Amino acid sequence: MAAQSDGGKAGVGYGGGGFAQLYDIDAEEPLDSAAIHICQCCRSSACYWGCRSACLGSLLGGGQPLGGAGIRETHCPPREQLWLDCLWIILALLVFFWDVGTDLCLAADYYQKQKYLWSGLTLFFVLVPSVLVQILSFRWFVQDYTGGGLGEVEGLTKKGTVVQGCSYPGKDRLQLATIWLWQATIHILQLGQVWRYIRTLYLGVMSRRQKEHQRRWYWAMMFEYADVNMLRLLETFLESAPQLVLQLYIMIQENRAETLQCVSSLASLISLAWVLASYHKLLRDSRDDQRSMSYRGALLHLCWRLFTISSRVLSLALFASLFHISFGIFVVLHWCAMAFWVVHGGTDFCMSKWEEVLFNMVVGIVYIFCWFNVKEGRTRYRMIAYYTVVLAENTILTGLWYAYRDPVLTDSYAVPALCSVYLTFGGGVLVMFLYYGFLHPATTHLQPSPASSCCAQLLWGLPLPPSAPPSAPPTPAHMAKSQTEEDVAETCLPVFQVRSAPPTSKPEGPLIKIDMPRKRYPAWDAHYVDRRLRRTINILQYITPAAVGIRYRDGPLLYELLQYESSL
């Protein structure tokens, strides 16, 4: 991958085998083939900047794009308030403590009642996933702060580098030791995710309040929030999902339900639904080619997951209460079938083949309990196929349980249990229809197009270049005209969006050109999952006052898909 400044003096080279290094560019790069594309809105070949100028000008009411093709109008929801962003993260923290705390209390309660098997299993499903997630979280910290990463830029390594003319004298070793000791302590105490949530909250507030280096705060917040959501998604399906099945199994086996068991099961269920809703909301907020999910949509998404997961887990618990070995065989077969389906569909989430295989295996575990979209395109037929299979499996599992159950022990709750399985499943499907019908953030365009509110969102804070002939590349003079406040207010803004006054003249910053296609939704962009690229962005944010840009390529169309601004 190669990168260079788009009109400035600073550039960056990013190769597949090492870390990006800055170099000087004395002359402006000639217009190459990568700067020519086929515009998807005006259906014509044009210069990237010229076409974008016309298309975005049409978006903001300045006329029609080249070729006279109409642009589909989009109506973005109003910007969410800062207190909603903070409340969402605080509630996520409370759900986390509720889930883990009730499970630990339940394990202690089983131990006091001399139910050592149940106590051991409950504790096992709490500690093992937590340890695995803490190891992964600490590994990410090491990757971010070593090997030329952000720690070196901040003066947190032994080299004691100089940043923007400011040196870190003898205290750099103490700072380094303090950072590493703090991170090691919180991860040993299994609080890595808690710290990441708190740090996300702090960075998000600072990205709104801090007057200097706002882009730097915003990038750090988005990276941290993406990390904690991916960690929580992994932990909930390794801890909360099996914990929920276990507790329901114990209640059915003992033919009674204690208060603490019910509270723990409810916490696990809400944790699963919350993490799924939060993950999908953040994933949409981080991408410009998808509209952001509103909090009303996120709550409806949460209810959809609550109902469908409840139906699935209840049917699994009923079947497991009678058929122990058969239950294990069923789970393994279902996991294999779902993992094969995911692999056959062709996912593009990770940066290496083996990471992709591991990811597909984890998604197979998720599919045991609920639907999880991992492929670009319309999901209607895939969701119909999945929920048809799940409904058939739930019917078979509950039918076998009802046929072979002990009537004396189960007559009191047999019919309500069966009704609950089908009513919650039907309720979940109904809420899903409501979500997709009214509150789903529908994609504003099916093909990459500069003419969308999301492009305006990414280019927020950047003065639009004037309409120009397609052959004329941009110059700093072209960037003199700024958006008005009314124009900016009409754009979609993600969580903790940075808003600063549009500058009258903006220095050109480094532009990272990535020699690979951009990953398609619902995958994360490469600069969220590739730690080397993230370190590059962080370093450039610290060593240059100008905005750092990222540009992917799309080889088949010779189309420069997007230029990111660090005010994303």
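1. A good place to start is Arg405, which is buried, with a relative accessible area of 14%. Here buried means under 20% relative accessible area, exposed means over 50%, and partly exposed lies in between (1.4 Å probe, protein chains only). The side chain of Arg405 meets that of Asp411 in a salt bridge, 2.8 Å from N to O. Asp411, at 47% relative accessibility, counts as partly exposed. A salt bridge is a side-chain nitrogen of Lys or Arg within 4 Å of a carboxyl oxygen of Asp or Glu.

2. Before going on, a word on what you are looking at. This is a predicted model, in which local features need pLDDT of at least 70 and side-chain atom pairs count only at pLDDT 80 or more, while totals for chains, interfaces and linings use all residues. Residues are numbered from 1 along each chain as its sequence is written, and side-chain values use heavy atoms, with hydrogens and water left out.

3. How many salt bridges does the structure hold? There are 18 salt bridges. One of them joins Arg196 to Asp227, with the closest N and O atoms 3.5 Å apart. Arg196 sits in helix α6 (residues 192–209) and Asp227 in helix α7, so this pair ties together parts that are 31 residues apart in sequence. Helices (H or I, at least four residues) and strands (E, at least two) are DSSP runs, numbered from the N terminus. Arg196 counts as buried at 6% relative accessibility, and Asp227 counts as buried at 1%.

4. Those two residues also belong to a wider group: Asp144, Arg196, Arg199, Glu224, Asp227, Arg531 and Arg534 are linked in a network of salt bridges.

5. Another salt bridge is formed by Asp525 and Arg287, whose closest N and O atoms are 3.2 Å apart. This pair links distant parts of the chain, 238 residues apart: Asp525 is in the loop between β5 (511–517) and α17 (526–529), and Arg287 is in the loop between α8 (259–285) and α9 (295–320). Asp525 is buried, with a relative accessible area of 1%, and Arg287 counts as buried at 1% relative accessibility.

6. Helix α7 deserves a second look. Helix α3 (residues 116–145) and helix α7 (residues 214–254) pack at an angle of about 175°, with their axes 10 Å apart. That makes α3 roughly antiparallel to α7. By class, their contact has 16 nonpolar, five polar and five charged residues. Axes are lines fitted to C-alpha atoms, for helices over the stretch in contact, and angles run from 0 to 180 degrees between N-to-C directions; over 145 degrees counts as roughly antiparallel.

7. What lies across from helix α7 in sequence terms? Phe223, in helix α7, counts as buried at 3% relative accessibility. Phe223 and Val529 are 306 residues apart in sequence and 9.2 Å apart in space, C-alpha to C-alpha. Ala226, also found in helix α7, is buried, with a relative accessible area of 0%. The C-alpha atoms of Ala226 and Val529 are separated by 9.0 Å, although their positions lie 303 residues apart along the chain.

8. Finally, the surface. Trp83, Leu87, Ile90, Leu91 and Leu94 make a nonpolar surface patch of about 460 Å². Ile90 lies in helix α2 (residues 82–112) and is partly exposed, with a relative accessible area of 37%. Patches are made of residues with over 30% relative accessible area and no salt bridge, nonpolar side chains (Val, Leu, Ile, Met, Phe, Trp, Tyr) being joined within 5 Å and like charges within 9 Å.

Methods: Parallel < 35°, antiparallel > 145°, perpendicular 65-115°, else oblique. Nonpolar A, V, L, I, M, F, W, Y, C, P; charged D, E, K, R; others polar. Areas by Shrake-Rupley, 256 points an atom, 1.4 Å probe, with all protein chains shown as cover.
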